[in-house]
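Student: Walk me through one helix and the sheet it belongs with. Keep it brisk.

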Amino acid sequence: TVTGHGTHVAGTVLARGTNSIGRSDEGNGSTPFKGSAPDADLIFLKIGSDATGGASSTAMIGAMNDAVIVYNADILTMSYGGWYTYHDGSSSTEQKVDWVYLQGKPFFLSAGNSADDAHHYSGTVSANSSTGYIAINTNSGSALTFNLVWYDGLGVNNNLYMEYYGPSPTYTLLAKSESATTESTRGTESKFSNHTSTVSAGTYYVKVFNTSGNSQFFHIYFDDWEYADITFANPDPEYTIGQPASADNGFAVG
């Protein structure tokens, strides 16, 4: 009731062309405007909240299951998702996408719209060292909230963490709160942290520290708490696919 999201896909796939039968040739033929599979049957499974339009992981998984088991759909498509904890295919929704594929059903998912948001940074931190200052552009009332993600393999726990700093030239060390590091079933580590206060407009900084004896490639993802937006000064547009499109066997369309 709060969004028309999905109607474009329905028309592209299934439009019968009824309203354009007998149309005049305007330089593009006179046949009806139809979708790519106008004789297919459509199965609508509503998972969006009437209040927000958002969908829970439970709703997504339930719809995937019923599309296959209850309605015997031949092809699935879904345009929901976001950034989860590990970005590595291990989440319950990503695993359910793979289950759908294993039932012989191709599954098309939106890759997301995050490549040009400047909300992701990646780099490498040397063993027993730290990165340089990583610049972040803020607005008045922004919150510095991030998820540090790195893959080091199952049972390997290279210790990485972030520190927060004020504007140059003083680079004052800022107070932070951080969660414990967790590891996915695929050996990806994740550590959420944030500066404990909102900030003013300007340029703030973070560093990534590595206390292990191994050099480590890492990602920093903006963990959006719906405060005023922030962006990395030198963002990385790669690795910004949303979940569950990042499942091993989903067809992710950007």
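**Helix H2 and its sheet**

Tutor: In H2, the buried residues (under 20% relative accessible area, 1.4 Å probe, protein chains only) are Met60, Ala63, Met64, Ala67 and Val68. Seen down the axis, they fall within an arc of 125° (directions from the helix axis to the C-beta atoms), so they line one face of the helix. This is a predicted model, where local features need pLDDT of at least 70, side-chain atom pairs count only at pLDDT 80 or more, and totals for chains, interfaces and linings use all residues. Residues are numbered from 1 along each chain as its sequence is written, and side-chain values use heavy atoms, leaving out hydrogens and water.

Student: Which exposed residues does the face of H2 turned away from its buried side carry?

Tutor: Exposed means over 50% relative accessible area. On that face sit Thr58 and Ile69.

Student: Which strands stand at the edges of the sheet?

Tutor: Helices (H or I, at least four residues) and strands (E, at least two) are DSSP runs, numbered from the N terminus. Strands pair if DSSP finds at least two bridges between them. The open sheet has the order S1-S2-S15, with parallel pairing. Each edge strand has a single partner, so one side is left without a neighbour in the sheet: these are S1 and S15.

Student: What angle does the direction of H2 make with that of S1?

Tutor: H2 packs on the sheet, touching S1 and S2 (heavy atoms within 4.5 Å). Axes are lines fitted to C-alpha atoms, for helices over the stretch in contact, and angles run from 0 to 180 degrees between N-to-C directions. For H2 and S1 the angle is about 160°.
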